[in-house]
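Student: I would like to learn how to read a structure feature by feature. Could you take me through one?

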Amino acid sequence: MENRLYYGGDYNPDQWMDQPQILAEDIRLMKQAHVNLVSLGIFSWAKLEPEEGWYDFDWMEEVIDRLYSNGISVNLATPSGARPHWLADKYPEVLRVDELRRRQLFGTRHNHCFTSPVYREKVRQMNAALAERFDHHPGVVMWHISNEYGGECHCPLCQQAFRGWLQEKYGSLEELNRAWNTAFWSHTYQSFDQIESPSPIGESSIQGLTLDWRRFVSHQTTDFCRAEIRALRDAGAKKPVTTNLMYYYHDINYHELAQELDVASWDNYPIWHKQAKSETALDSGMMHDIIRSLKKAPFLLMESCPGPTNWQSVSKLKRPGMLEAASLQAIAHGSDSVLYFQIRQSPGGFEKFHGALISHYGGDDDRTYQECVEVGDDLKQLAQVSGARTEAPVAVIYDWENLWAMEGSMGPRNQGMYYKEAVLKSYKAFRRQGLNVDMIDMTQPLDSYRVVAAPMLYMFRDGFEDRAKAFVKNGGTLILTYWSGVVDENDRCVLGGTPGGLMDVMGLRSTEIDALYDWEKNTLIPADPSAGDRCYECSVLCQLVKTTTAKTLFTYGKEFYAGTPALTVNSFGEGKAYYVCADAEQDFYTDLYRKIVLEAGVALPFEEQLPEGIEVNCRHNENGTFMFIQNFGKQRFSIPSLPGWEAVFGSMEDELSPLGTAVLRMS
Ligand code: GLA
Ligand code: ZN
């Protein structure tokens, strides 16, 4: 990946191999658009193995050769994302069983049983054959493992694997019963064989079971991916591997899956028209940062759409300039590619109306194609950014297991806990200061950060409280919020006071939590009126606390708990710990985090706080430090004078118009 950003996307020529002129024309149009990478063979199993054990790879080789001789590399897929008919007919165990215990018929995709030994073996043979044939090809630069892993299977094989996984985890049934507190409602298990995955027609009330099932699904998917990669490696494959991850995908702990990968990648389909562009950009930006933080290294934007998608209820056209802004946003956040689904539209089938670089019309004079040529041109100009890393002085914790735990917990609000929204508020508050932000989970080291925000960490796991304590003790600033440290990793309540293990660090104890109806609000009032702070609103959840050593900075304005602490700070060791007691409005977080980062001595790229919608990201490599400034707001933005920086894309002097991007470099 030296000094070139990848540009291209998924290409599925198996649909038009009988029309060789299309392939020739596609290559011409790809070259003209500066395409240098295509993902090939993602859904080609039926063509690669038309009959069991009979591999037909010649057509694939011809495509790879032709692309390579035209300067286009290949990200070669393993085809496990969709199976051929013969495979499902002969071996029904490869078909998934749903939570109501119904075996699915053949159809659609992304629906194999991830435990089935037959499916694993067929995939192993296919991957090995592909590796032997193609890994050494100079045109193949990377492996695209399967496609968007997801979903779950409740078949007897998966039940058996789940029981085995539990046995290994808990050692004994006694320990499992304790961990899940099954004495409640007389649900005590008497044998591992009685354990069934959660189901609406069966067990759905043991939260430890549900949580462990989520973990098992994540584990089993990861294990399947690991087996796919092992098959390639055992056959001698040396090229790096990736698999395409999805937007805030719920069911897989991506920190776990990413450990198997050489490069992280994801598929981004922002819906630009439903809310302010600044909010959409923020939401995509946070996901880019989650993906980048998985490997703390440059990632790949594996899929995005040059035009409209075809799966939204209303698939609007991308307005002029959106494609470029969204594409460069990925690069700004650490991607080394802009790749599309798809290079050419399918002539028929489920995705025939999905946007593509090349439409059914097939010419080079339509708007989308021309915008794609511009993006290709931009990436050539920005080639020197490739491989550049992102360093973040601050981090926000977003933790999959915590998300799962909070969902089923039957607590103060069973709908609308707003975990992701709470995380976004912290993320936005840092981003408004122009800072790069790492998005980490609870298991990661904290010591490289100056400030760490940990919103709504309902569950503490894997010794997080010890790491958090050491972090503050050694001079870090921790921001914890309401509904934190309530349960352990099995969803068992912490006894003796919360936030569990951090009461001394926070200098307080949470006593009660008030849930608000959607239409209710409370207010946050500065404790010291002379400090010049204003009042803010809060909603959803209001934690009541009793301070010991913490100082109260804000109090509640209403209810019987008016006048009690709503924001506190505590000095602990060399550091500080803030506790935000309620789901405060965005401005509260933005204003607070500005003070906190200044107080913690974090260097800001601009002196001023960024206006709404202006995004700043920095990446650095041997060619220098690159500052991306993007405008997702409504107003034009004049870039402040920044001595030492030169523009390598766009201009520093002109105002940045909405959807505009400037890239500056300091060598
Ligand atoms: C996903 C899939 C692709 C395609 C696109 C359509 O990201 O990976 O195969 O279906 O969606 O947007
Ligand atoms: Zn199964």
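Student: Leaving aside its neighbours within four places in sequence, which residues is N631 in contact with?

Tutor: Happy to start there, and keep in mind that this is a predicted model. Beyond its sequence neighbours, N631 is in contact with G613, I614, R636, F637, L656, S657, P658, L659 and G660. The residue belongs to strand β22, which covers residues 624-631. N631 has a relative accessible area of 0%, so it counts as buried. Its side chain also reaches the backbone nitrogen of G633, at 2.8 Å.

Student: Which residues does Q444 touch, not counting those up to four places away in sequence?

Tutor: They are H255, K296 and R467. Q444 sits in a loop, the one between β11 and β12 (451-454). With a relative accessible area of 13%, under the 20% limit, Q444 is buried. Two polar contacts of its side chain are worth finding on screen: one goes to the side chain of H255 (3.2 Å), and another, of 3.0 Å, joins it to the side chain of D441.

Student: How should I read the strand before that loop? Which way do the residues of β11 point?

Tutor: Here is the general idea: side chains in a regular strand alternate between the two faces of the sheet. In β11 (residues 437-440), V437 and M439 point one way, while D438 and I440 point the other way. All of these are buried. As for its partner, β11 pairs with strand β10 (residues 394-397) in the parallel sense, over four bridges. To find the register, look at V396, which stands opposite M439.

Student: In what order do the six strands of the open sheet come?

Tutor: Strands of a sheet pair through backbone hydrogen bonds, either parallel or antiparallel. Here the order is β5-β4-β3-β2-β1-β9, with parallel pairing. The edge strands, β5 (241-242) and β9 (337-340), each pair on one side only. Strand β1 (residues 6-11) is joined to β9 by four bridges, and Y7 stands opposite V338 there.

Student: Now a helix. Why does the length of α5 agree with what is expected?

Tutor: The check uses a rise of 1.5 Å a residue: the 18 residues of helix α5 (residues 117-134) should span 26 Å, and the end C-alpha atoms are 25 Å apart, so the two agree.

Student: And which residues of α5 are buried?

Tutor: An α-helix has 3.6 residues a turn, so residues three or four places apart point the same way. In α5 the buried residues are Y119, R120, K122, V123, M126, N127, A128, A129, L130, A131 and F134. Among the elements that cover them are α2 (45-48), α3 (58-69), β3 (73-77), α4 (85-90), β4 (140-144) and α8 (207-234).

Student: How many disulfides does a search of the whole structure find?

Tutor: A disulfide is a covalent bond between the sulfur atoms of two cysteines. The search finds zero. Two cysteines to look at are C113, buried at 0% relative accessibility, and C158, also buried at 0%.

Student: Last, which residues are around ligand 1?

Tutor: They are F43, R109, N147, E148, N244, D267, Y269, E303, W311, F341, E351 and H354. For polar contacts, begin with W311: a polar side-chain atom lies 2.7 Å from an oxygen atom of ligand 1. A polar side-chain atom of E351 is 2.3 Å from an oxygen atom of the ligand. In H354, a side-chain N or O atom is 2.7 Å from a ligand oxygen.

Terms used:
Residues numbered from 1 in each chain as written. Chains lettered and ligands numbered in written order. Predicted model: local features only at pLDDT ≥ 70, side-chain atom pairs only at ≥ 80, totals over all residues. Heavy atoms only, no water. Helix = DSSP H or I, 4+ residues; strand = E, 2+ residues; numbered from the N terminus. Expected span 1.5 Å × (residues − 1). Buried < 20%, exposed > 50% of the residue type's maximum accessible area, 1.4 Å probe, protein only. Contact = heavy atoms within 4.5 Å. Pairing = 2+ DSSP bridges. Disulfide = S-S within 2.5 Å. Near = heavy atom within 4 Å. Polar contact = N/O pair within 3.5 Å; in protein donor to acceptor, adjacent residues only side chain to side chain.
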